[in-house]
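Work through the exercises below with the sequence and the model open. Try each task before you read its solution.

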Amino acid sequence: MSHEVDENAVRVEAVESLLVEKGIVDASLVDEVIEHYETSVGPLNGAKVVARAWTDPAYRERLLAEATGAVAEFGFGGPEGQLIVAVENAPEVHNVVVCTLCSCYPWPVLGLPPSWYKSPEYRSRMVAQPRTVLEEMGLELGADVRIRVWDSSAEARYLVLPERPPDTGHLDAEALAKLVTRDSMIGVGLALSADAAEDD
Amino acid sequence: MTEALAIDADLEGPVSPPRDNGEVVFAAPWERRVFGLTVALCRSEACEWEGFRQRLIARIAEDEARPYWASWAAALEDVLAATGTLGADELDLRHDAFLARPHGHDHRD
């Protein structure tokens, strides 16, 4: 198998070569797009948004009321960035995000989705048995915590606003952002504890 | 593109996105390529993002066992055919020609 030509790779190469010949796309623009998404757009964007919401009550209200605009205050936008909706965790409520149909995901704040987010298992099971799937992913929630599962689509791409970890009152937004993981903003994890901010 | 790059320029260097917080998004070079190609095309008339997304949904639903990026590539072909940008016959010809290349000339990455 390993020495066979990958049909998909050849197919994609054929598509690109024809589009370049026709002058429809510029190969260097493709390179630029890839580099942009691999290096510049990632969960750090979302972490900044969350940390600001933890430290600025007025911003938190704007984020929960209309997240696309609140995110744009940081200059974050672009494809898959329309109609972002922020959902807030609380001691008794945990939010988790899935896209049951494909892979809708708020790119400007989280980057590109991880492979498991796009898997048929995650997409179907997170809706049917969220508590079990979260446990399998390492997140055990108390029996009294209600789990809300949000199905992302073109109409709403969800971003979880995780709870601010305890004993972080002395940290500023920049330090707090280091505690905000991608998984905590999808809802399959929690923000890191305070000591993670001092690990630099 | 220039605008988007400018917006995120401050994320380079010391405050670049944490890498330990991510996973490998692309398992093969062609997956990275078809993603970049699609997003680049959606900046032109050749592809409109929402139209692409609908076709991606359809392709995934059609065969849940197919790898994600293969469904993505199929959806891109659908869009290019629907907009008259690139027909299946023309693409098949090029694909066959590339497959017929001598051994050692079938990789580009």
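## Exercise 1: a residue in a strand

Tyr158(A) touches Val85(A), Val87(A), Val97(A), Trp150(A) and Ser152(A), leaving aside residues up to four places away in sequence. Two residues are in contact if their C-beta atoms, placed from the backbone, lie within 7 Å. This is a predicted model: local features need pLDDT of at least 70, side-chain atom pairs count only at pLDDT 80 or more, and totals for chains, interfaces and linings use all residues. Residues are numbered from 1 along each chain as its sequence is written, while chains are lettered from A and ligands numbered from 1 in the order in which they are written.

**Task.** Place Tyr158(A) in its element, then decide: is Tyr158(A) buried or exposed?

**Solution.**
- Step 1. Tyr158(A) sits in strand E4 of chain A. Helices (H or I, at least four residues) and strands (E, at least two) are DSSP runs, numbered from the N terminus.
- Step 2. Fix the cut-offs. A residue is buried if 20 or more other C-beta atoms lie within 10 Å of its own, exposed if 12 or fewer, and partly exposed in between; C-beta atoms are placed from the backbone.
- Step 3. Tyr158(A) has 27 C-beta neighbours inside 10 Å, so Tyr158(A) counts as buried.
- Step 4. Take a C-alpha distance. Tyr158(A) and Val33(A) are 125 residues apart along the chain, and their C-alpha atoms are separated by 24 Å.

## Exercise 2: the strand and its partner

**Task.** Find which residues of E4(A) point one way and which the other way. Then describe how E4(A) pairs with strand E1.

**Solution.**
- Step 1. E4(A) covers residues 157-161, and five of its five residues are buried.
- Step 2. Arg157(A), Leu159(A) and Leu161(A) point one way; Tyr158(A) and Val160(A) point the other way.
- Step 3. E1 of chain A (residues 84-88) pairs with E4(A) in the parallel sense, over five bridges. Two strands pair if DSSP finds at least two bridges between them.
- Step 4. Opposite Leu161(A) in E4(A) stands Glu88(A).
- Step 5. Follow Leu161(A) to a helix. Its C-alpha atom is separated by 9.3 Å from that of Arg60(A), 101 residues apart along the chain. Arg60(A) belongs to helix H4 (residues 57-65) of chain A. It is partly exposed, with 18 other C-beta atoms within 10 Å.

## Exercise 3: chain against chain

**Task.** How many residues of chain A are in contact with chain B? Which element of chain A gives the most?

**Solution.**
- Step 1. The contact involves 43 residues of chain A and 51 residues of chain B.
- Step 2. Helix H1 (7-21), helix H2 (27-39) and helix H3 (43-55) of chain A each give two or more residues to the side that touches chain B.
- Step 3. H1(A) gives the most, with 12 residues.
- Step 4. Sort that side of chain A by class: 24 nonpolar, 11 polar and eight charged residues. Ala, Val, Leu, Ile, Met, Phe, Trp, Tyr, Cys and Pro count as nonpolar, Asp, Glu, Lys and Arg as charged, and the others, Gly among them, as polar.
- Step 5. Check the scores. The predictor gives the complex an ipTM of 0.77 and a pTM of 0.73.

## Exercise 4: the core and the domains

**Task.** Name the residues of the largest nonpolar core that touch the most other members. Why does this core lie between the domains of chain A?

**Solution.**
- Step 1. A nonpolar core is a set of buried Ala, Val, Leu, Ile, Met, Phe, Trp, Tyr and Cys residues joined through C-beta atoms within 7 Å.
- Step 2. The largest has 76 residues; Val15(A), Val50(A), Leu159(A), Val180(A), Val34(B), Trp72(B) and Leu76(B) touch the most other members.
- Step 3. Helix H4 (residues 68-82) of chain B gives this core its largest share, nine residues.
- Step 4. Domain 1 (7-39) and domain 2 (43-198) of chain A both give residues to this core, so it lies between them. Domain bounds come from an automatic or database domain assignment.
- Step 5. The centres of these two domains, taken over C-alpha atoms, are separated by 32 Å.
- Step 6. Zoom in on Leu76(B). Not counting residues up to four places away in sequence, it touches Val15(A), Val34(B), Thr38(B) and Phe52(B).

## Exercise 5: confidence in chain B

**Task.** Which helix of chain B has the lowest mean pLDDT, and which the highest?

**Solution.**
- Step 1. pLDDT is the predictor's confidence in each residue, from 0 to 100. Chain B has a mean of 74, and 71% of its residues reach 70 or more.
- Step 2. Helix H1 (residues 2-8) of chain B has the lowest mean, 32, and helix H5 (residues 88-99) of chain B the highest, 94.
- Step 3. Over residues 1-24 of chain B the pLDDT is below 50; this stretch has 31 contacts in the model beyond near neighbours in sequence.
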